Structure formats: C-alpha cells, structure tokens
Amino acid sequence: MKKIAMETLLDSLKTELRSQLKKMNQTALSWRSSSAEERILRLKKIRGWIKNHQTEIRQALWQDFQKPNVETDLSEIYPVTSEINHTIKHLKAWMKTKSLPSPIAMLGTKAKVQFEPKGVALIISPWNYPFNLALGPLVSALAAGCPVILKPSELTPHTSDLIQKMISALFSQEEVQVIQGDASVAQALLALPFDHVFFTGSPQIGKVVMENASKHLSSVTLELGGKSPAIITENADLEDAAQKIVYGKLVNCGQTCVAPDYILVHEASFERLLDHLKVGIQQMYDADFKGIEHSKDLARIVNDRHFTRLKSYLDDAIEKGANVVFGGKTNPHHRYFEPTLLTQITEDMEIAQEEIFGPILPILTYTGLEEAISYVNSKPKPLALYVFDNSKSYEQILKQTSSGNAVINDCVIHFIHNELPFGGVNSSGIGKAHGYYGFLAFSNEKGVLKQRIGYNNVTLLRPPYGLKAKKIVESLIKWF
C-alpha cells in the first residue's frame, strides 16, 4: 500500500512539475531579450537579501553542520556575494555581441557571436556547501537570462528551508522556484526536458544525471569530484605546505570536493612533513590542548550515514595494515571525527580507492617524481591537483598530468578566484563554472553570418560547375 501511495504522489508531482515547466518556458521566451540591467537587478535582490539575513544563514549552517560562523562567512556567504559582485561588474561586457574577423575565402561577409540564454535550467545542488553551491550556479543562470528550478539537498534541511524562504521572497514561481525532496523528487525533475542541467555531486550520480539529460538532449554541467592529490616535491617548504594542506583538508571537516584527498611526498621528506602536519592540526584546532573535540572551529560530519561511511574506511584501512600516526578518535553521538593522518596505505584499502570526503588524510611516499606522476595518472582524473614546490618541478607535473584545476603552493583557494574556470575533466566533471565561464555554461553561443545581397564570394561556385569553379576550389584548397 505504501508503495502504491508513493507512486501516486510521484505521478501527481510529475504532473505538477510539467505544468510548472510549461509556465517557466514562457518566462524563458520573455527573458531571452532581457537587458543587462534587468538581469543585474535580479542579482542585486539576492545580494541584498543575503546581507540582511547573514545571521539566519549562519544559524542554518550551524544546525546542519555545527559549522563555525567565520567558516560560514568565508566558505558559504563570501563566495556567493563575490560571484554576484564580479558578475554585476562584467555582465554588460559578457553579453555584448562579439564581432569576428572573416577569412579571405569569406570576403564580403560579416561574422559575430551572439549570446542567448539556453532556456529553463535545472540546478541540483549538494549538501557539503549547501548555500554556496546552490546560489553560485543560480547567479550564473540569472546572469545568462535563464529561469531556474533549484533542487537543494535534503541532507541539509535547515539551509534548504532558508534558501526556499529567500527565493520565495524574491522571485515568482515562474522565474525561480525551489523544489525540495529526496532522490525520488530529483528523478521526477530529471525526467523533464530542461534546456540545461547543472549538477554538483558524486560521479556515480553524475552518470545518472547525464543519462537522463541525454533523453532530451539537454546540455549539462557536471561538477563532480575525485581523489585530488597533493604532491610535495623534494624542494618544497614543508612547514608552509603542511599548514596549507591542514587548512584545505579540514575546512568543513574535510567535506569539500576540492580538498586534498591524499598526499604524495618524497620519502626523504616524509618524517619532517608528518611532524609539521601534526603541529599544524594542533595549532589550528587544539592550541590550548583541551582536546580537538572541544574546538569551536571544526565542523561535524553531516549525518550518521556519512559518519558510518568514514568510520568503515578507517576501520578497513587499519585492519589491512594502515598506521594511524595522528587522530583516529570518533564520537558518533554528535558525529565528531578527529582529524586523522594515515600511513602504510595499500591499494586494496577502500580509502585508496574511494573519495574520502572527510578528515582522514592518507600519506604516501615516492622515490622519484616520475613515480608520483605515474601514481596520479593511474587514477581517474581529479577535480584538483596541488603541487608544493620551490623549484620548477611543478611544470613537469602540470605537463604530464590532467586535472580540472591545479594550484601551486596552496589548496582549495582557486575556487574563489572569479576569473578562473572551475570544474573537472571526464570523471571529475564536464563543463566549467564561475564568472564568465558560468555565464557561458547557461548561454548558447550563437554564430551569426551576414552575407551581402547580389554578387558575392560564392556566386562563381554554383552549378553548373565549370573550369572556372574547378580552379577556384583548387586554389582554396591549396592556399586557404
């Protein structure tokens, strides 16, 4: 009976969503010719709401993660307001039709690229940065002129409720609408013919999103993940590297798609790096030696399922011979997971195969840089690659590896660089986001060619083909 009732509810939801999409398609038609000023006004409404409700945003993130207020400001609020400010500053230039040169074979024609909104977009956002990663793509969609249905994560209900409250206050349902629910709701949404789908989440679910989008030939942007390595060369400043890795790994308690997943360090530097990592964790999260569990600066694991997943990774690694050189303590009652450093990692361990997405950091050694590069290349292409180096070794690594983004001598900060494209490659993602690249993700770059009336460059190439046409074509092939 429950199954029948659920199927009835889903059928009703699908009918409602189809009706909603039809209305939003009408909005998309009217927004197709919207001006930069109209789009900027929509972005300013979001920015104003955020500035007036920062306390509520912090409270929601605390309720979902026990995320520290400063960390919320830095990793949830600032990236969104920065994205809005950057977009407002540059949107007119992005929208401007761009004239292109014509090759000699096309003399007499005029070419340009005109940017038009793709249409109604679906944004499915994740739980790990539930405010930032829902609102960032929304900013890009609105900048491009696309109405949006936004599906936030059900794993962070307080933040999702807050987002729904914000959108309901700022937009009509025909412009932007928040749809909440579990995976069945996401499936109902993916069954609809959206013009673009922007998904942030795991590679496994990304495949499902892409499969469903293909049924309607909807374009997709997939922000996925993967095992992002941090390579530390012989010439690296170990103390500097350790401090940056500790922060990049433990912000949001490691639940960050671009967090360093594991370290590859030259064997000669292994022991010294361990010492610096331990000191870094202690300084940031237990400077008064009262215990990291009492730190107000370390967030918690989002829910019991992910806590259990991380604990199983750790138990499996220890059972198969891994050595815990720091941390390892857990408290399931409030999902506390101590920052943990692991050595003696082998490939048969789950932690060596799966994206960790938590505060466990495996440390592997290598004897030569080629060995480290080969190890990275044996894995699926990561979302980010970090190199700590005080020489030119990083150039070899960048040339011989593939990753969505790369950072030299730091971690994770590339996410808030508005001029950089952000995204993965192959299994770590498809398409780019942020700034101009986010605008492009939701835009159709329409090539427009204008030919002059009457005699033109192709007049002599029309049938019936004669000797003159033959010689012209031969010249084109030879010289142009």
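## A guided tour, beginning at the largest pocket

Start by selecting Gly201, Ser202, Pro203, Gln204 and Ile205, which lie nearest the centre of the largest pocket, a space lined by 50 residues. As you look around, keep in mind that this is a predicted model. The volume of this largest pocket is about 1,400 Å³. To see which elements surround the space, colour helix 7, strand 6, helix 8 (203–214), helix 11 (304–319) and helix 12 (350–353), each of which gives two or more residues to the lining. Helix 8 deserves a selection of its own, since the largest share of the lining, eight residues, comes from this helix. If you then colour the lining by class, you should find 23 nonpolar, 16 polar and eleven charged residues.

Next, turn to the sheet, an open one of six strands, which follow the order 5-4-3-6-7-17 with mixed pairing. At its edges are strand 5 (176–178) and strand 17 (429–430), each of which pairs on one side only. Select strand 7 (residues 219–223) together with strand 17, and you will see two strands that pair in the antiparallel sense over two bridges; in one place to look, Glu223 has Gly429 of strand 17 as its bridge partner.

Now add the helices that lie across the strands. Helix 7 (residues 183–190) lies across strand 3 (121–124), strand 4 and strand 6 (196–200), and runs at about 155° to strand 4. Helix 6 (residues 157–170), in turn, lies across strand 4 (148–151) and strand 5, and runs at about 155° to strand 5.

From there, move to the second largest pocket, which holds about 280 Å³ of space. Select Ser75, Tyr129, Val412, Phe415 and Ile416, the closest to its centre of the 15 residues that line this pocket. Helix 4 and helix 5 (132–144) each supply at least two residues of the lining, and helix 4 gives the largest share, three residues. By class, this lining has twelve nonpolar, three polar and no charged residues.

Finish by following helix 4 (residues 69–95) to helix 3 (residues 54–65), where the two helices pack at an angle of about 105° with their axes 10 Å apart. Helix 3 and helix 4 are therefore roughly perpendicular to each other. To view their contact, show Gln54, Ile57, Arg58 and Leu61 of helix 3 alongside Asn69, Thr72, Asp73, Glu76 and Ile77 of helix 4. When these residues are sorted by class, the contact has three nonpolar, three polar and three charged residues.

How values were computed: Residues numbered from 1 in each chain as written. Predicted model: local features only at pLDDT ≥ 70, side-chain atom pairs only at ≥ 80, totals over all residues. Heavy atoms only, no water. Axes fitted to C-alpha atoms, helices over the stretch in contact; angles between N-to-C directions. Helix = DSSP H or I, 4+ residues; strand = E, 2+ residues; numbered from the N terminus. Parallel < 35°, antiparallel > 145°, perpendicular 65-115°, else oblique. Contact = heavy atoms within 4.5 Å. Nonpolar A, V, L, I, M, F, W, Y, C, P; charged D, E, K, R; others polar. Pairing = 2+ DSSP bridges. 1 Å grid on protein atoms, 1.4 Å probe; cavity = no way out; pocket = protein on both sides within 12 Å on 5 of 7 lines; lining within 4 Å. Points joined across faces, edges and corners; volume = space filled by probe spheres on them.
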